[in-house]
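Look at the fold below and follow one helix through its neighbours. The account moves from one packing partner to the next.

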Amino acid sequence: VWVQKPLAPAIEWAFDTLLWIRGGHSPNSYTYQVYEDMTLQFIVWMGTCFLCFVVLWLFTRMCRACRGFVVFPNEMKWWGRLVISFDNLTYWVWFWTSFFWIGFNVYLATTPSTFHFNNIGMMSFMLAATILNYALIISNSMRFSIMESMDANEIAFLSMDNIWRANQLFFMVGPIQGFSVITGTKNFINYLLYGQDIGGWAGGDLTQVSIAIVKYWTSMIIIAAIGCWVYLFASNPSVDDYQSRRPGCIIFTFIAMDVLHPCIYLWTVGNKIKDEDMLKMTFLQKFSHPGWWKRKMSVLILNEHVTNVFRFVNPAYMFCLPLLVYYNAYFGVSGGFALVAVGAGH
């Protein structure tokens, strides 16, 4: 209440201005009470964050004045480094986010959904998140590139691989992290209950196990993306259902494109068939030989031109997502999650 009363005139003016810009009420417009509650919640949240920062700054200044008696950080940069260290130590706790993201997009692509929000506000949020995410990537990349160039006496170079690989890593390492968490928990329980020695790995070649997990996981993503499109057209949806399900299929397709390159590589690496062996084969032999198919897929996908296309498609569609929200509001929910959960946003 003490926040609502002084801010009520300004909030009411902003609400009336937005209505005037949009040309009055529409079926997707929300009431003033909803707008007021939403605005107050955001203001209280921002005020709380600022207050916590001020309290932390004052506490840090006190620790600096009493650094001979306390062991807490006496500069703000040490708090930042502690937060980074904490994130590095607990990143495995969030291994399930890649599974959720895949499942969420499959749900949006197969089930008609209804969302109620202002597409202009969501577009603005997504543009801001995109700019901040890529500013973080570019600044960090330039920082390390400049450091390496100073050591090697070379010109600094920023590659689009930083953005592409960040998304690939997010979707590829989830199953491996989950496998590590489950295996580590099982071994610890065996040590705790039965006293078994868990000093070594006894589950076979760990490298091959990891490769198999990523290979089948990425293959499942690609097959699921194709299946979503097939189901979309085979289910004969209505116009509204088609509009609500198509964004999920499109975004899931871009996810499949991110993992297509490593998936093809893992399936074709170690292929022993040679060019002279292929020349001796008949058409039927080629069609039925796995090595011939692996060779063709490798030549088709793992070449410089296709790789460059994939490398630039990911940053391009991340920038296009906010603009697509203005065209179709259903891109907002799926795209918003993508910007804050995947790659640099994660």
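In this predicted model, is the crossing of helix 7 and helix 8 left-handed or right-handed? The crossing of these two helices is left-handed. Helix 7 covers residues 206–234 and helix 8 covers residues 239–268; their axes lie 8 Å apart, at an angle of about 150°. Angles over 145 degrees count as roughly antiparallel, so helix 7 is roughly antiparallel to helix 8. The contact between helix 7 and helix 8 is made by 23 nonpolar, three polar and three charged residues.

Helix 8 itself deserves a description before its other partners. Its 30 residues span 41 Å from the first C-alpha to the last, close to the 44 Å expected at 1.5 Å a residue. Helix 8 has a bend of about 40° at Leu-260, and a proline, Pro-262, follows within four residues. Just after helix 8 comes Gly-270, with a positive phi of about 85°.

Next comes helix 4. This helix, residues 96–110, crosses helix 8 at roughly 145°, and the two axes come within 6 Å. The crossing of helix 4 with helix 8 is left-handed. On the helix 4 side the contact includes Trp-101, Ile-102, Asn-105 and Val-106, and on the helix 8 side it includes Ser-244, Arg-245, Gly-248 and Cys-249. Leu-108, Ala-109 and Thr-110 of helix 4 also take part, as do Ile-251, Phe-252 and Ile-255 of helix 8. By class, the helix 4 contact with helix 8 has nine nonpolar residues, four polar and one charged.

The remaining partner described here is helix 12. Residues 304–327 form helix 12, which packs against helix 8 at an angle of about 160° with the axes 10 Å apart. That angle makes helix 8 roughly antiparallel to helix 12. Helix 8 passes helix 12 with a left-handed crossing. From helix 8, Arg-246, Ile-251, Phe-254, Met-257, Asp-258, Leu-260 and His-261 meet a set of helix 12 residues that includes Thr-307, Phe-310, Val-313 and Asn-314. Tyr-317, Leu-321 and Tyr-327 are also among the helix 12 residues in this contact. The contact of helix 8 with helix 12 divides into nine nonpolar, three polar and two charged residues. Leu-260, one of the helix 8 residues that meet helix 12, is also where helix 8 bends.

Definitions and conventions:
Residues are numbered from 1 along each chain as its sequence is written. This is a predicted model: local features need pLDDT of at least 70, side-chain atom pairs count only at pLDDT 80 or more; totals for chains, interfaces and linings use all residues. Side-chain values use heavy atoms; hydrogens and water are left out. Axes are lines fitted to C-alpha atoms, for helices over the stretch in contact, and angles run from 0 to 180 degrees between N-to-C directions. Angles under 35 degrees count as roughly parallel, over 145 as roughly antiparallel, 65 to 115 as roughly perpendicular and the rest as oblique. A crossing is left-handed if the near helix is turned anticlockwise from the far one by less than a right angle, and right-handed if clockwise. Ala, Val, Leu, Ile, Met, Phe, Trp, Tyr, Cys and Pro count as nonpolar, Asp, Glu, Lys and Arg as charged, and the others, Gly among them, as polar. The expected span of a helix is 1.5 Å times one less than its number of residues. The bend at a residue is the angle between axes fitted to the seven residues ending there and the seven starting there. Contact means heavy atoms within 4.5 Å.
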